[in-house]
Amino acid sequence: MTSDPRKQHLLGTPLTGFAAFCAERKWPVYRARQVYQWVFEHGVADFDAMTNLAKTDRAKLSERWIILTGREARRQESKDGTSKLLLEWPDGAASECVLIPDETRRTACISSQAGCPVGCTFCASGIDGLQRQLTAGEIVEQAVQIRALCGDPVENRRPGEDPRLSNVVLMGIGEPLANYDNVLQAIHTINADWGMNIGARKITLSTVGLPRQIRRLAEEDLQINLAISLHAPTDVLRRKLIPWAERVSVDELVSAVNFYFEKTGREVTLEYLLLGGVNDGPRHAADLANLCRRMRCNVNLIRYNPVAGLGFERPSSAAAHHFVEQLRARSVNVHVRKSRGIDIDAACGQLRRARPDSGPTGPVDKPLQPGSNKAAPDGVTD
Ligand code: SF4
């Protein structure tokens, strides 16, 4: 979406589409790649800075194309290096995206929709429902703008890797598989050698689990990682936490996950948000372990960071440890993600809702709870 209807969003245009524009103008065949190199490799967001292009060509590009459409409405930086951006699109919709640096990795966590239609009962992002789908360009742009925060492009350069951003996770606001075509196009651009050139195995898509779309994704010939936001091992409990689980049973999910593994050979990650006193008991650990026996999967545990007014609690560190031990005793491959951005509004959806015009329920009226439910692997300590 651009503010000027005569202009197209370059980040939402595959190389072939832009090459067709160049061909119409009888520009040299290498021109399209040249421009994409400026944008994706050098991080240039202004055609005038593309100094190896004729001035007249730069002017023609500026008339018809725009590179970045999002305005940085807010930025928060944590002591641990986590940075969170709120990008506002020309129509006023906004997207949260986060940079999570962790030793050698720099991960961009990006959103797939403005708002979220799923309405998980523990999550701030779904409170006001879906505002609109994000375009492919807006999804890519979040990764590009996050990468721009990463500093010197030659720093930490390793062969074959983007020196600034190593991983992209679609774990921000929204259900990616409910915006399938735009998300797929964005993943292709993030992965392409003419685009952000981030390896498919460094890209993760996280979904509450839409079986038909999981099967479709399995047929896409992509080697991306799939994460399922499980959060409960039984239908009864899952339906209390995730309204869309009313439409999809755990059995259907297992079947789709197994299909994904058969087609791609990629083990699936089950995301399990530990909610104090809700899904962190011995019975839940036993049920989860039994479920894991039915799929090729590993489990990512995340300790919940409370959102004001939603009524869920963060489990204690001891309870989380105990849960992990029970899973490990049953041979489940389990990791625990540490909370990042503990000193900023890092829990998904909180920054967007904190805007003065954040929707019918208005802004949250007290300092937002710290911590992130979407973070990098580590221990369970406070
Ligand atoms: S947890 Fe994810 S799917 Fe659920 S409401 Fe929040 S953003 Fe949507």
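**Figure 1. Long-range contacts across the whole chain.** Residues 24 or more positions apart account for 68% of the contacts in the chain with a separation of 6 or more. The model shown is predicted. Its chain holds 11 helices and 15 strands. Of the 382 residues, 57% are buried. The accessible surface comes to about 16,100 Å². Carbon and sulfur atoms contribute 49% of that surface.

**Figure 2. Strand β13 and its two covered faces.** Strand β13 spans residues 297–303. Seven of its seven residues are buried, so β13 is largely enclosed by the rest of the structure. In a regular strand the side chains alternate between the two faces of the sheet. On one side of β13 lie Cys297, Val299, Leu301 and Arg303. On the other lie Asn298, Asn300 and Ile302. Both sets are buried, and both faces are covered.

**Figure 3. Pairing of β12 with β13.** Strand β12 covers residues 268–274. In which sense do β12 and β13 pair, and over how many bridges? The pairing is parallel and runs over seven bridges. Leu273 stands opposite Ile302 of β13. Ile302 belongs to the face of β13 that also carries Asn298 and Asn300.

**Figure 4. Asn298, a buried residue of β13.** Asn298 sits in strand β13. Its relative accessible area is 11%, so Asn298 counts as buried. The side chain of Asn298 makes a polar contact of 3.1 Å with the side chain of Thr269. Thr269 is also among the residues that Asn298 touches beyond four places in sequence. The others in that set are Glu267, Val268, Leu270, Asn333 and His335.

**Figure 5. Helix α9 and its packing partners.** Helix α9 runs over residues 282–292. Its buried residues are Ala285, Ala286, Asp287, Leu288, Ala289, Leu291 and Cys292. What do these buried residues pack against? Two partners are helices, α8 (250–264) and α10 (317–329). The strands β12 and β13 are partners as well. Strand β13 is itself largely enclosed, with seven of its seven residues buried.

**Figure 6. Surroundings of the ligand.** Ten named residues are not all of one class here: the shell has six nonpolar, four polar and no charged residues. Cys116, Val118, Gly119, Cys120, Phe122 and Cys123 surround the ligand, together with Ser125, Gly126, Gly174 and Val208.

**Figure 7. Thr13 in the loop between β1 and α1.** Thr13 lies after β1 (8–9) and before α1 (15–24), in the loop between them. Is Thr13 buried or exposed? Its relative accessibility is 9%, so Thr13 counts as buried. The side chain of Thr13 reaches the backbone oxygen of His9 at 3.0 Å. Beyond four places in sequence, Thr13 touches Gln8, Phe18, Tyr36, Trp65, Gln185 and Trp194.

**Figure 8. Pro5, exposed before β1.** Pro5 lies in the segment before β1. At 77% relative accessibility, Pro5 counts as exposed. Pro5 and Arg64 are 59 residues apart in sequence. Their C-alpha atoms are 9.3 Å apart in space.

**Figure 9. Cys97 within strand β5.** Strand β5 (residues 94–102) contains Cys97. How is Cys97 placed, buried or exposed? Cys97 is buried, with a relative accessible area of 0%. Outside four places in sequence, its contacts include Ser83, Lys84, Leu85 and Leu87. Cys109, Ile110, Gln142 and Ile146 are also in contact with Cys97. Lys84 is 13 residues from Cys97 in sequence, and the two C-alpha atoms are 5.9 Å apart.

**Figure 10. Two loop residues with positive phi.** Glu103 is not a glycine, yet its phi is positive, at about 50°. Glu103 lies in the loop between β5 and β6 (105–109). Its relative accessible area is 83%, so Glu103 is exposed. Asn197, also a residue other than glycine, has a positive phi near 60°. Asn197 is found in the loop between α5 (180–191) and β10 (203–207). With a relative accessible area of 41%, Asn197 is partly exposed.

Terms used. Residues numbered from 1 in each chain as written. Predicted model: local features only at pLDDT ≥ 70, side-chain atom pairs only at ≥ 80, totals over all residues. Heavy atoms only, no water. Helix = DSSP H or I, 4+ residues; strand = E, 2+ residues; numbered from the N terminus. Buried < 20%, exposed > 50% of the residue type's maximum accessible area, 1.4 Å probe, protein only. Polar contact = N/O pair within 3.5 Å; in protein donor to acceptor, adjacent residues only side chain to side chain. Contact = heavy atoms within 4.5 Å. Near = heavy atom within 4 Å. Nonpolar A, V, L, I, M, F, W, Y, C, P; charged D, E, K, R; others polar. Areas by Shrake-Rupley, 256 points an atom, 1.4 Å probe, with all protein chains shown as cover. Pairing = 2+ DSSP bridges.
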